[in-house]
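Visitor: Could you walk me through this model? I'd like the layout, then the pocket, then the sheets.

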Amino acid sequence: MQTMSAAVARRTALAAQGFTDAAPSGEPDRRHLQRVLARTGLLQLDSVNVAVRAHYMPVFSRIGRYAHELVDNAAWAPRSGKPRLLVEYWAHEASLVPLEVWPLLRWRMREYGGSWRTKLRHLIDDNPGLLDDVLTVVKESGPIGAGALERELGSEQKQNRGPWWDRTDTKRACELLFASGELTTGARNGFERLYDLPERVLPPEILAHDPPEADAVRALVERSARSLGVATEPDLRDYFRLKPAQSQRAVAELVEDGTLEPVDVRGWKQPAYRHCAARTPRRVTGRALLCPFDPLIWERSRAQRLFGFHYRIEIYVPAAKRVHGYYVFPFLLDGELVARVDLKADRNASVLRVPGAFLEEGADEARVAGELGGAVHDMAAWLGLDGVAVGTHGDLTAALRAEVS
């Protein structure tokens, strides 16, 4: 079994995620987006918009300033006339996945369809025709949002309190049908999902493909391994949120056919696996701000192993107990995570606010502040903001403020 150092594993992972690819020489286009998607495998969706929506940021982190419409047109109601590249489903949480991944999740649609129907049995029993009525309205009027659907159905259901956060029965019916693959997202209105029938969104060859579960899971694990470069089995499992037994079987089969090579990474407690196509550059250069949902760092124990970087998102931590801030972006510089910054897009004032900035132990303050200053200016310009305003929380704020002034 090959042995590799943690530094080699880190460079391998960064290359797999696209952080060693050449930057676009001009305006990023659809080809550059496709290259990012080939590296990351998916883009996680999240409702938090304090700085920028989560699905836009990993693309910016890898190719720099690009038009948001590049992702929008690839995912929702393309205006360019070019084929759709992405579709929504539950992958690593709610995600945009390449079209060819959707059939690999058909087994999950069947599973979720059953479990959600059990979970919402009272809804179906109380409203026996609701699911069929929703499908009929979507067929006639889609793409359509849950609110418009509810009005169309003439729903007068009361909002039920509890674990469903006051969602109406119509909204729950839409989510059940989405989970089971009977509905998908045809477009977005802001961040509101507009539901449509899969046959109006996906190409016929994608709809017709329905591989056996074992084959589909093996393909998902292979994609995870390609995106991670080198990873433990739990890392591979987490990428598409698979079950341990599914993932372990797939890993064993991929090792047997030579797609995965077992390796021993010094300092890692668990066995690791290197994808046969993974490459390890001699060095990694460049800088990038990473949103909390970037696939390089979304698995926090992996971020700790790769970078020695203890990271927790503090959105749900009471303000008085937060250590680094509400929505903190790790800062990648030359292959290391050297700082973290709390970011907020103040669109009324047209500034990117940096309430807090913190230097990682052993990092060069002057160099990090200089590079981080450039990075936050780039992000502000990408977001259409006129400037950057640095606060006072954290040991890097004074040096960063001097750089952005």
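Visitor: Which domains does the protein chain have?
Guide: This is a predicted model, where local features need pLDDT of at least 70, side-chain atom pairs count only at pLDDT 80 or more, and totals for chains, interfaces and linings use all residues. Residues are numbered from 1 along each chain as its sequence is written, and side-chain values use heavy atoms, with hydrogens and water left out. The bounds come from an automatic or database domain assignment. That gives domain 1 (2-83 + 207-275), domain 2 (104-202) and domain 3 (312-403).

Visitor: How many residues of domain 3 are in contact with domain 1?
Guide: Taken over C-alpha atoms, the centres of domain 1 and domain 3 are 26 Å apart. Contact here means heavy atoms within 4.5 Å. On that basis 14 residues of domain 1 touch domain 3, and the number on the domain 3 side is 16.

Visitor: Where does the second largest pocket lie, relative to the domains?
Guide: A pocket is an open set of points on a 1 Å grid over the protein atoms alone, where a 1.4 Å probe fits, with protein on both sides within 12 Å along at least five of seven lines. This one holds about 480 Å³, the volume being the space filled by probe spheres set on the points, with points joined across faces, edges and corners. Both domain 1 and domain 3 give residues to its lining, so the pocket lies between domain 1 and domain 3.

Visitor: Which element gives the largest share of that lining?
Guide: The lining (residues with an atom within 4 Å of a point) has 21 residues, and Phe-60, Ser-61, Arg-62, Gly-64 and Arg-287 lie nearest the centre. Two or more residues come from each of α3 (57-63), β10 (287-289) and α16 (365-382); helices (H or I, at least four residues) and strands (E, at least two) are DSSP runs, numbered from the N terminus. With four residues, the largest share belongs to α3.

Visitor: Which residue in β11 stands opposite Arg-287?
Guide: Start with the open five-stranded sheet, ordered β10-β11-β12-β13-β14 with mixed pairing; a pair needs at least two DSSP bridges. β10 and β14 (387-393) each have a single partner strand, so one side of each is left without a neighbour in the sheet. Three bridges join β10 to the antiparallel strand β11 (residues 328-333). Across from Arg-287 in β11 is Leu-333.

Visitor: And the four-stranded sheet: which strands stand at its edges?
Guide: Its order is β1-β8-β9-β7, again open and with mixed pairing. Each edge strand has a single partner, so one side of each lacks a neighbour in the sheet; the two are β1 (2-4) and β7 (230-232).

Visitor: What angle does helix α12 make with β9?
Guide: β7 is joined to β9 (residues 272-275) by three bridges, running antiparallel, and Val-230 has Arg-274 as its bridge partner. Helix α12 (residues 213-228) packs on this sheet, touching β7, β8 (260-265) and β9. Axes are lines fitted to C-alpha atoms, for helices over the stretch in contact, and angles run from 0 to 180 degrees between N-to-C directions. For α12 and β9 the value is about 85 degrees.

Visitor: Which peptide bond is cis?
Guide: Look in the loop between α7 (130-141) and α8 (146-153), where Pro-143 is found. With omega near 0 degrees, the cis bond runs from Gly-142 to Pro-143.
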